[in-house]
Amino acid sequence: MSLKIFNTRTRKKETFVPVKEGAVGMYVCGITAYDVCHVGHARAAVVFDVVFRHLKTRGYTVTYVKNFTDIDDKIIDRANKEGVGIGEIASRYIKLHDEDMASLNVLTPTVTPRATDHMADMIALIKTLEEKGIAYSVEGDVFFAVDRFPAYGGLSGRHLDEMMAGARVDVNDKKRNPLDFVLWKKSKEGEPFWESPWGNGRPGWHIECSAMSRRYLGETFDIHGGGEDLIFPHHENEIAQSQAATGKPPANYWVHNGFVKINAEKMSKSLGNIFPIREIVKQYHPEVLRLFMLQSHYRSPVDYSEASLTEARTALIRCYTALQQMKETRAMIAEPGKEKPTAGETQYTNKLDELKSKFDAALDDDFNTAQALGYVFDAARLVNQITMAEKKMPMPAKQVILATAADVFMHFGNGLGVFQSDPDVFFQVDRDVEVRKRGLKAADIEAQIEERQKAREEKDWTRADDIRQALALQKVTLKDSKGRTTWSIE
RNA sequence: GGCGGCAUAGCCAAGUGGCUAAGGCAGCGGUCUGCAAAACCGUUAUUCUCCGGUUCAAAUCCGGAUGCCGCCUCCA
């Protein structure tokens with residue numbers, strides 16, 4: 001089974017063939033560090049995290065580069081507003097970004113370069129373009145001449161003349177063509193600047209990625225990713241810059257993730273519907289957000305809402321319930337596994353192995369996490385059957401099967417970046433979050449449970465049920481098992 | 001105006017030419033339980049927005065209609 005990736009450039013699923021056998025170079029556009037990351041950033045991060053994880057699962061040595069834009073108008077604005085330097089703003093939001101990513105089980109990329117550390121690379125690249133007559137400078141600004149690059153528009157499927165008709169382009173007298181874009185921007189009074197052959201200024205946004213990807217991954221690498229909004233102009237311009245300079249396309253596969261909408265509306269500052277990651281994870285266990293996004297294909301839009309997060313939470317609880325059952329059942333079994341599995345056992349282990357293969361095949365097919373999750377839920381059901389329903393199964397046999405199941409779930413979890421928590425810890429965190437969200441007091445709840453327990457021991461079922469009903473009104477659900485009562489929030 | 005995408009059950013969502021149209025949530029019936037919860041079993045789309053066409057065969061390909069969405073301006 002070979003890996004297939006949908007390539008934005010060709011708009012087709014293609015069989016993945018890396019430039020260098022066994023290795024993959026991947027570049028993903030990271031954030032501009034001027035504010036906290038929101039749910040949209042979370043999606044892009046999770047999507048490419050899954051790509052990163054799956055490529056590793058498939059045995060590739062992956063060099064994953066995700067940059068930070070730490071010089072930009074928005075950063076300067078913010079720095080001016082707060083009266084601090086741009087370095088302080090960038091460092092602050094990069095730190096918060098890293099925390100948010102860690103909370104979502106997003107693996108740290110191999111290299112996380114900052115634009116301001118690569119000024120020399122950018123200036124050199126612009127110089128090359130200027131020498132080739134593709135870039136031109138006007139009074140300290142340097143522009144890329146789009147009509148000098150015939151392939152311009154190849155990624156986004158646009159033609160220069162058609163774009164002119166749309167005419168929503170930047171008005172700038174210095175440009176020869178309104179679609180020309182800035183490579184180097186002359187600094188205004190009081191703005192941070194770097195020295196260059198064109199005078200003091202700062203790099204344009206697009207050139208950063210061309211310079212950094214080339215620095216770490218070479219002239220042509222395998223995968224370039226980002227949000228779908230970056231297709232035009234950002235990635236189009238990156239291709240133009242890199243290819244005009246080197247004569248080679250910078251990347252072979254262009255991968256773009258779909259957007260997160262909020263209650264069917266576009267997320268935007270004006271609508272006031274921006275959800276920071278750090279706010280969401282106060283309301284839901286971080287893996288809930290992750291599972292929510294993984295349930296849809298990465299190229300489809302997803303609609304963020306309370307209801308969909310709640311659904312994802314219930315689904316995640318389903319998985320963790322199976323994992324907890326598995327853990328407890330295995331802990332009960334002292335005997336070591338039998339050496340020769342019987343036919344009854346191989347029936348289960350074969351099924352588990354099959355689900356594992358199907359899971360990998362789903363991810364091989366353009367990272368189809370939704371389909372892969374289908375197999376995860378099938379496996380969860382199977383685990384529940386083994387731990388609960390198959391009571392007659394001899395313990396050593398269960399031991400063998402559940403060991404296999406544990407391995408399979410470990411594989412699922414590593415591939416998708418979920419199930420990274422111990423089940424007991426997961427339920428504790430989930431309950432803490434819910435209790436806080438609803439303004440409940442754990443101690444009060446536990447006192448009532450204790451009172452109910454006494455009633456139950458006296459077989460005063462009416463009293464016990466009254467207490468349970470009172471708790472149910474507060475969305476507290478009780479679960480009576482041997483010797484103890486546990487509780488959770490509905 | 002240009003470019004592109006989407007439309008599958010009550011809701012979310014896979015599936016892109018041929019086995020019974022995944023899975024999750026919600027619902028209903030049952031098993032288990034003092035009763036519950038969870039879990040398990042069964043059940044919920046003769047059909048994939050509509051109309052034509054291609055084909056032995058279409059949710060899947062082609063044409064058209066309708067509706068929704070994104071990009072073209074900073075944006076994951």
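These legends describe close-up views of one sheet and one helix in a predicted model.

**View 1. The open sheet built from β5, β6, β7 and β8.**
Four strands form this sheet, in the order β5-β6-β7-β8. Pairing is antiparallel. The edges are β5, residues 135-138, and β8, residues 201-203. Each edge strand pairs on one side only. On average, neighbouring strands are turned by 25° against each other, direction ignored. Strands of a sheet pair through backbone hydrogen bonds.

**View 2. Pairing of edge strand β5 with β6.**
β6 spans residues 141-144. It pairs with β5 in the antiparallel sense, over 4 bridges. One residue pair to locate here is Ser137 and Val142: Val142, in β6, is the bridge partner of Ser137.

**View 3. Pairing of β6 with β7.**
β7 covers residues 181-186. β6 and β7 run antiparallel and are joined by 3 bridges. Val142 appears again in this view. Its bridge partner in β7 is Trp184. Val142 is thus listed with Ser137 and with Trp184.

**View 4. Pairing of β7 with edge strand β8.**
Here, too, the strands run antiparallel, and 3 bridges join β7 to β8. Lys185 has Arg202 as its bridge partner in β8. β8 pairs on one side only.

**View 5. Helix α4 across the sheet strands.**
Helix α4 comprises residues 119-131. The helix lies across β5, β6, β7 and β8. Relative to β7, α4 runs at about 120°. The strands beneath this legend's title are those of the open sheet, ordered β5-β6-β7-β8.

Definitions and conventions: Residues are numbered from 1 along each chain as its sequence is written. Chains are lettered from A and ligands numbered from 1 in the order in which they are written. This is a predicted model: local features need pLDDT of at least 70, side-chain atom pairs count only at pLDDT 80 or more; totals for chains, interfaces and linings use all residues. Side-chain values use heavy atoms; hydrogens and water are left out. Two strands pair if DSSP finds at least two bridges between them. Helices (H or I, at least four residues) and strands (E, at least two) are DSSP runs, numbered from the N terminus. Axes are lines fitted to C-alpha atoms, for helices over the stretch in contact, and angles run from 0 to 180 degrees between N-to-C directions. Contact means heavy atoms within 4.5 Å.
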